[in-house]
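Work through the exercises below with the model open beside you. Try each task before you read its solution.

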Amino acid sequence: AVGLLDAWVDFGQQDPHSWQKYDNISAEQLFLASAGVTPALYRELVTPLLHVLPMTPGYDCSAAAALSCFHVFALQSKGAFDVRWCRGTIAESIFNPWTQKLLSSGNFA
C-alpha cells in the first residue's frame, strides 16, 4: 500500500491536470494494480470507504474521485470521519434481520 503514497502526493486536489490524469483510471485499478494494495485490504477497507464516500464501487469510480474524497473526508475532516465496522457480514448483521422483520410483518412480498 506504500505505492498509494505516490498517487496521493502526485494528485493535486485543485489541479485540473491531476484530475485528467487520474480520471482515466478507475479507483480499483489505482488501488490494486498501481498502488499495491492487497486484495484483502481492498475488500475490507477500501471498498466500504468507496461505498460510503463517493457512493460507488471501485470499478465505477475514477481514481481522481476516490483520492479527492479520501483527501477531503479522511484528512481534512478528521473529527467528522468516524467509521464503524460490522461484526460479520452486512447481510448477516443488517439485511437478513431486516428482511425477516419485513416478511413477518407482511410489509414485504
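## Setting up

The chain exposes about 7,500 Å² of accessible surface, and 59% of that belongs to carbon and sulfur atoms. Areas come from the Shrake-Rupley method with a 1.4 Å probe; for residues, only the protein chains shown count as cover. This is a predicted model, in which local features need pLDDT of at least 70, side-chain atom pairs count only at pLDDT 80 or more, and totals for chains, interfaces and linings use all residues. Residues are numbered from 1 along each chain as its sequence is written, and side-chain values use heavy atoms, with hydrogens and water left out.

## Exercise 1: the overall fold

Task: state how many helices and strands the chain has, and give the pattern along the sequence.

Solution.
- Step 1. Apply the DSSP rule: helices are runs of H or I with at least four residues, strands are runs of E with at least two, and numbering starts at the N terminus.
- Step 2. Count: there are six helices and zero strands.
- Step 3. Read along the sequence: the pattern is α-α-α-α-α-α.
- Step 4. Check burial. Buried means under 20% relative accessible area, exposed over 50%, and partly exposed in between (1.4 Å probe, protein chains only). Of the 109 residues in the chain, 26% are buried.
- Step 5. Check contacts, meaning heavy atoms within 4.5 Å. Among contacts with a separation of 6 or more, 57% join residues 24 or more positions apart.

## Exercise 2: the nonpolar core

Task: find which residues of the largest nonpolar core touch the most other members, and which helix supplies the largest share.

Solution.
- Step 1. Define the set: a nonpolar core consists of buried Ala, Val, Leu, Ile, Met, Phe, Trp, Tyr and Cys residues joined through side-chain atoms within 4.5 Å.
- Step 2. Rank the members. The largest core has 21 residues, and Tyr22, Leu30, Phe31, Leu50, Leu67 and Phe70 touch the most other members.
- Step 3. Assign the sources. Helices H1 (3–10), H3 (27–34), H4 (39–52) and H5 (63–76) each supply at least two residues.
- Step 4. Pick the main contributor: H5 gives the largest share, six residues.
- Step 5. Recall the general trend: in soluble globular proteins, nonpolar side chains tend to be buried together.

## Exercise 3: two buried aromatics

Task: locate Phe11 and Tyr42, and list what each touches beyond four places in sequence.

Solution.
- Step 1. Phe11 sits in the loop between H1 and helix H2 (16–23). Its relative accessibility is 9%, so Phe11 counts as buried.
- Step 2. Phe11 touches Ser18, Trp19, Tyr22, Ala64, Leu67 and Ser68. The C-alpha atoms of Phe11 and Tyr22 are 7.8 Å apart, at eleven residues along the chain.
- Step 3. Tyr42 belongs to helix H4. Its relative accessibility is 7%, so Tyr42 is buried.
- Step 4. Tyr42 touches Glu28, Phe31, Leu32, Val37, Thr47, Pro48, Leu50 and Gly58. Tyr42 and Gly58 lie 16 residues apart in sequence and 9.5 Å apart, C-alpha to C-alpha.

## Exercise 4: the loop between H4 and H5

Task: is each of Met55, Thr56 and Ser62 buried or exposed?

Solution.
- Step 1. Met55 lies in this loop. Its relative accessible area is 66%, so Met55 is exposed. Its phi is positive, about 60 degrees, although Met55 is not a glycine.
- Step 2. Thr56 is also in the loop between H4 and H5. Its relative accessible area is 14%, so Thr56 is buried. Beyond four places in sequence, Thr56 touches Leu50, His51 and Cys61.
- Step 3. Ser62 is found in the loop too. Its relative accessibility is 16%, so Ser62 is buried.
- Step 4. Add the side-chain pairing. The side chains of Ser62 and Asp23 make a polar contact at 2.6 Å. Such a contact is a pair of N or O atoms within 3.5 Å; within protein, one must be able to donate a hydrogen and the other to accept it, and residues adjacent in sequence count only if both atoms are side-chain atoms.
- Step 5. Beyond four places in sequence, Ser62 contacts Tyr22, Asp23, Ile25, Ser26 and Ala27.
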